[in-house]
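Visitor: Hi, got a minute to walk me through this one? I'd like to start with the surface.
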Amino acid sequence: MLQTIKKQICLQKSDWLLGTGCELGMWLMGIAFMLVMQRSDPEDTYVLLGTIFAIIGSAGVATFIMLYGLGINFNTQISLGNRRTPFLISYYIAWVAGFFVYFGILLLVSQGEHAVYASIWAGTAIKEEFDLTRVLLQLGIPVCFVLPALGTFCGVLLLRYKRKAFWVLWVLWMLGVFGIPNLMDAADNAVQSTAGKLGLVLRSVAQFIFGREFPALAVVAAILLLTASWLLLRHQQVEN
């Protein structure tokens, strides 16, 4: 098993480099945006926009590679004699390692961004709007375990059900991207509406999930997702 994990990590190193490059590129872009916005419309607070962009960049690349890379890796490695269970475990562990690489870089660039702004706005009253680094430290480690499990599960769904799974995942993604912000806005500005009430419920659920119980919930979610992935993958046929 250890050798299988080492091989999987070696296979994914190039993917990690791609994700890291995107992470750093998006970080620089976010800093540039923050400086331009502060110059054109000065405020007394700032956010670590570069770090936020870096999160989006690394998560986007990792998600794409995990979703479509699982099928390619599965067909290749199983056809070469690897077994399904070791493949699934090694694939997941390798991606956990990759997410910890991204997480470590995020912590470094967040401190770097602090230093950039402190240098540029030295002697001014401009301060950070909220402590993003503290949020990263609170949520980062559990996220590094649950997101690879979620990506693995979605990758297995695409491998097993192909176009049907793609459209289901796409609809869920669109609902999340466009629906959740609208519900959150309605919860603030139209509390009595149906959307506002749904937004309040969603906010309560999010506060519970990302509260003190989040590490335990992340572990349970990762186990359930990996178990579901194994059940779907154990009878999956190799495609040439």
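Visitor: Which residues form the nonpolar patch on the surface?

Guide: F64, Y68, F166, W167, V168, W170, V171, L172 and L175, with about 930 Å² of accessible area together (Shrake-Rupley, 1.4 Å probe, only the protein chains shown counting as cover for residues). Patch residues have over 30% relative accessible area and no salt bridge (Lys or Arg side-chain nitrogen within 4 Å of an Asp or Glu carboxyl oxygen); nonpolar side chains (Val, Leu, Ile, Met, Phe, Trp, Tyr) are joined within 5 Å, like charges within 9 Å. This is a predicted model: local features need pLDDT of at least 70, side-chain atom pairs pLDDT 80 or more, while totals for chains, interfaces and linings use all residues. Residues are numbered from 1 along each chain as its sequence is written, and side-chain values use heavy atoms, leaving out hydrogens and water.

Visitor: Which elements give two or more residues to it?

Guide: α2 (49-79) and α5 (163-189), as DSSP runs numbered from the N terminus (helices H or I, at least four residues; strands E, at least two). The largest share, seven residues, comes from α5.

Visitor: And F64, buried or exposed?

Guide: F64 lies in helix α2 and is exposed, at 54% relative accessible area (exposed is over 50%, buried under 20%, partly exposed in between; 1.4 Å probe, protein chains only).

Visitor: Switching topic: how many disulfides?

Guide: Zero in the whole structure, counting cysteine sulfur pairs within 2.5 Å.

Visitor: Why is C22 not in one?

Guide: Because its closest cysteine sulfur, in C144, is 17 Å away, too far for a bond. C22 is partly exposed at 26%, while C144 is buried at 3%.
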